[in-house]
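Let's take a walk through this protein together. Have the sequence and the 3D view open side by side, and we will go from the overall build down to single residues.

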Amino acid sequence: MYVEKFEGLNKSDIGIAGGKGANLGELTQAGIPVPPGFVVTAQSYEKFMNEAGINDKVMSILEELDVNDSSALNKAADKIKKIIIDSPIPEDLTITIREFYNELCQRVGEDDADVAIRSSATAEDLPEASFAGQQDTFLHVSGDEDVIRYIKECWASLFEGRAIFYREENNFEHSKVLIAVVVQKMANADKAGVMFTVNPSTGEEIALIEGSWGLGESVVSGDVTPDNYQVDKKDNKIINVTISDKKVMYTNDEKGTSIKVDVPEDMRNQRVLSDEELVELTEMGKRVQAHYGEPMDTEWAFENNHLFLLQARPITTLGDGPNNDDDAASDLGDVLVRGLGASPGMATGNVKIILDIDELNKIQDGDIMVTTMTTPDMVPAMKRASGIVTDEGGVTCHASIISRELGIPCVVGTGDATTTLKENTGVTLDGKKGLVFEGISQTKEEAVNVVAGNVEAAPIITVTEVKANVSMPEAAEKAAATGADGVGLLRTEHLMLTSGIHPGKFIADGREDELIDTIADNVQIVADAFYPKPVWYRTLDAPTDEFITLEGGENEPREHNPMLGWRGIRRELDQPEILKCEFKAIKKLHEKGYTNIGIMIPLSQSPEELKKAKALCSEVGFEPHKDVDFGMMVEIPAAAIMIDEYIKVGIDFVSLGTNDLTQYTLAVDRNNEFVAKHYTEEHPAVMKLIERTIKKCAEAGVTCSICGQAGSVPHIVEKLVGYGITSVSSNADAIADVRKTVARAEQKIILDAARKRLE
Ligand code: PEP
Ligand code: MG
């Protein structure tokens, strides 16, 4: 059986339809409202792999792979996915899929019906082995060509790096894990979420419901902290309603594509589910549990007041959490943060704040992992932790599911644990009540010492963003640990220098792909460290004298004054092949999900250059402003004077490169020690150009930052805040001071304004 409607499947069909497909079949047969659909079975996938003749090729790549080498893992994953995407689906299978899709279109009365395409791995959703977040889902697919295309994408997603890693870790044989694909009429939910038919932490007979606005993606992915409701199943009495601040939602744009948008202000703190809807859901939960004969974890949606279930699976983790050790509470300190109890039990240990994936090796056995939200790549480190605390998410987010599965106490949705809790201090976590206490509970854990005397000031919040300059990927982790709001300047030169090869040589040797990978791999380290905060990648600003020592650098021209010579965007426009490789590298990273990276061009002297650079970016299929934020450095007086003309050409942001702006305004070579005493950013002419640029940008609504050294000098920063700069990017070691200065400057502005009003 290659394709089957939900009506023809039941829960025993996991081997054919995967966990998701089999359960949708079971629900349909039980008369529970489920959007209609069909399943392209695991046997279709097998047939495709065999008839395309790619099985052996794929397995041999996996055999040679060391999954702990993450760069090799990602390369193998990319290679396998490409093999799958590039292979044709057998003709007879294509015809069958088309027939089922057309039949679905007729059933729902739509040409080219809008469907969701979901992977349903045959080892997924099985008790003890929830593969949360492992395979892909594509929403709003329509037309048979696209349906077929995304089915193939789902097949390929079986070989995402993290899925390969997970199978190895759990000893699933790659060749035995097959994948089915669910094709289901899209539910355009007004509100959606999840429901556990018992409390998943305690097994108590209540319906635990989480809901948020729009499609259910926001709840499942942990992008929002949803409303949380508890309903007593005996009498449908609502026993708890916790309304959260729901900041984002997924909705459809005009083309029917689902997009993440801000929740309208008046709905953010509005309750999502009415009493009647809660009762309707609870009744549905009872039916589902009665039908399956066990507690269930479900996904639901309301569309135009109609309730649907989109998913049901047994709760995988009941009863295997650590003890609910309430008597440990007797010696607990103050509550430091509160959230939702996502995985029961008490845990003690030292806080390790994980703001990016590269910091994971900070986690030693017994530590408390504190992070914004966990991702599948964090699983190996989560296993070492004794407890997990997250800023975001609800009881069904990735952190919750995995920590329950691992039996690790977990508190999610605290809002601010990563900023409130202090690195290396001892805490005790109650994963049932959702509380984190100060200190190590002595009754719980005697061996770990409480870190004494750790009274730190409250975190400083500034409206003006304080970012970091990063030049070497190795420094990214340290820079991110300062809590910087992103990277305001990622210098490319050092990335190139570490390769030891002149970029021009890569091009001359026809090794463009290697150049792209070198850039992408290095930038990825920085983008990871700061994800999802913005990282501005500056295209190559290569003075000839600095690149001369590289392999292939012998052809660099000998210039009288390289600072005034062939560097920055003027050089790149003469060597467009290098620039194009840079754009391709950033494009590649965006495609891998690092959409936090923006591009900026250095050392521009005329708007014409900006136009040309943007055209080259478009030429590689990466549309400035649409696909990627595109900005520029203001480093030459000409650019500061002509900033309006640049704004007309179109820029998303500007960054003041005061190192160069100073040398070009004052005719003082920044590299020349003989004139060093004449070099000062505070020269009135330089400050005038800075002020002008900031104000013109503010008028035009263009973000304006600084990344020259002046941005690391507190008393200059104070002035820039007064001019209205939107962000300041400093050296990592200056961030703490700059942040304090910015905060003080902002408060002064508020105070001055208030005083003026009183006068
Ligand atoms: C600047 O010129 O201020 C700047 C940040 O760029 P670089 O120091 O790399 O020239
Ligand atoms: Mg510069």
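**A guided tour of the fold**

The protein chain has 27 helices and 29 strands. Its radius of gyration is 28 Å, close to the 27 Å that the globule rule gives for 759 residues, so the chain is as compact as a globular protein of that length. Please keep in mind that this is a predicted model. Along its principal axes, the C-alpha trace spans about 85 × 65 × 50 Å.

Some whole-chain numbers help to set the scene. Of the 759 residues, 55% count as buried. The accessible surface comes to about 31,200 Å², and carbon and sulfur atoms make up 49% of that surface. If you take the contacts with a separation of 6 or more, 66% of them are between residues 24 or more positions apart.

Now turn to the barrel. Eight strands close up in the order β22-β23-β24-β25-β26-β27-β28-β29, with parallel pairing. From one strand to the next, the twist averages 30°. Strands of a sheet pair through backbone hydrogen bonds, either parallel or antiparallel. For a close look at one pair, find β26 and strand β27 (residues 653-656), which are joined in the parallel sense over four bridges. Here methionine 632 stands opposite valine 654 in β27. Helix α21 (residues 607-619) lies across β25 (597-601) and β26, and runs at about 150° to β26.

Stay with β26, and follow the chain on to the metal site. Which residues are the protein donors of the magnesium ion (ligand 2)? They are Glu635, through OE, and Asp660, through OD, lying 1.9 to 2.0 Å from the ion. Glutamate 635 sits in the loop between β26 (630-634) and α22 (637-641), while aspartate 660 belongs to helix α24 (residues 658-666), so that the pair links parts of the chain 25 residues apart. Are these two residues buried or exposed? Both glutamate 635 and aspartate 660 are buried.

Several loops deserve a stop as well. Just ahead of β26, the loop between α21 and β26 holds histidine 625. Its phi is near 70°, a positive value in a residue other than glycine. Histidine 625 has a relative accessible area of 34%, so it counts as partly exposed. Asparagine 236, in the loop between β8 (227-232) and β9 (237-242), also is not a glycine, and its phi is positive, about 55°. Asparagine 236 has a relative accessible area of 17% and is therefore buried. Another backbone feature is in the loop between α17 (512-530) and β24 (535-538), where you will find proline 532. A cis peptide bond joins tyrosine 531 to proline 532, with omega about 0°.

Next, go to strand β5 (residues 179-185), where seven of the seven residues are buried. In a regular strand the side chains alternate between the two faces of the sheet. In β5, Ile179, Val181, Val183 and Lys185 point one way, Ala180, Val182 and Gln184 point the other way, and all are buried. Which way do the partner strands run? Strand β2 (residues 37-40) is antiparallel to β5 and joined to it by four bridges. Strand β3 (residues 115-121) is also antiparallel to β5, with seven bridges between them. Valine 181 is a handy landmark in β5: valine 40 stands opposite it, and so does serine 119.

A little earlier in the sequence comes helix α7 (residues 161-169), whose buried residues are Gly161, Ala163, Ile164, Phe165, Tyr166 and Arg167. Asparagine 171 follows α7, and its phi is positive, near 55°.

From arginine 162 you can step across to another part of the chain. Threonine 375 is 213 residues away from arginine 162 in sequence, yet the two are 9.8 Å apart in space, C-alpha to C-alpha. You will find threonine 375 in the loop between β17 (368-371) and α11 (379-384). Its relative accessibility is 29%, so threonine 375 counts as partly exposed. Leaving aside its neighbours within four places in sequence, threonine 375 is in contact with Ile357 and His398.

Key:
Residues are numbered from 1 along each chain as its sequence is written. Chains are lettered from A and ligands numbered from 1 in the order in which they are written. This is a predicted model: local features need pLDDT of at least 70, side-chain atom pairs count only at pLDDT 80 or more; totals for chains, interfaces and linings use all residues. Side-chain values use heavy atoms; hydrogens and water are left out. Donors are N, O and S atoms within 2.8 Å of the metal (3.2 Å for Na, K and Ca); water is not among the atoms, so sites may look incomplete. Helices (H or I, at least four residues) and strands (E, at least two) are DSSP runs, numbered from the N terminus. Buried means under 20% relative accessible area, exposed over 50%, partly exposed in between (1.4 Å probe, protein chains only). Two strands pair if DSSP finds at least two bridges between them. Axes are lines fitted to C-alpha atoms, for helices over the stretch in contact, and angles run from 0 to 180 degrees between N-to-C directions. Contact means heavy atoms within 4.5 Å. The radius of gyration is taken over C-alpha atoms; the globule rule is 2.2 Å times the number of residues to the power 0.38. Accessible areas come from the Shrake-Rupley method with a 1.4 Å probe; for residues, only the protein chains shown count as cover.
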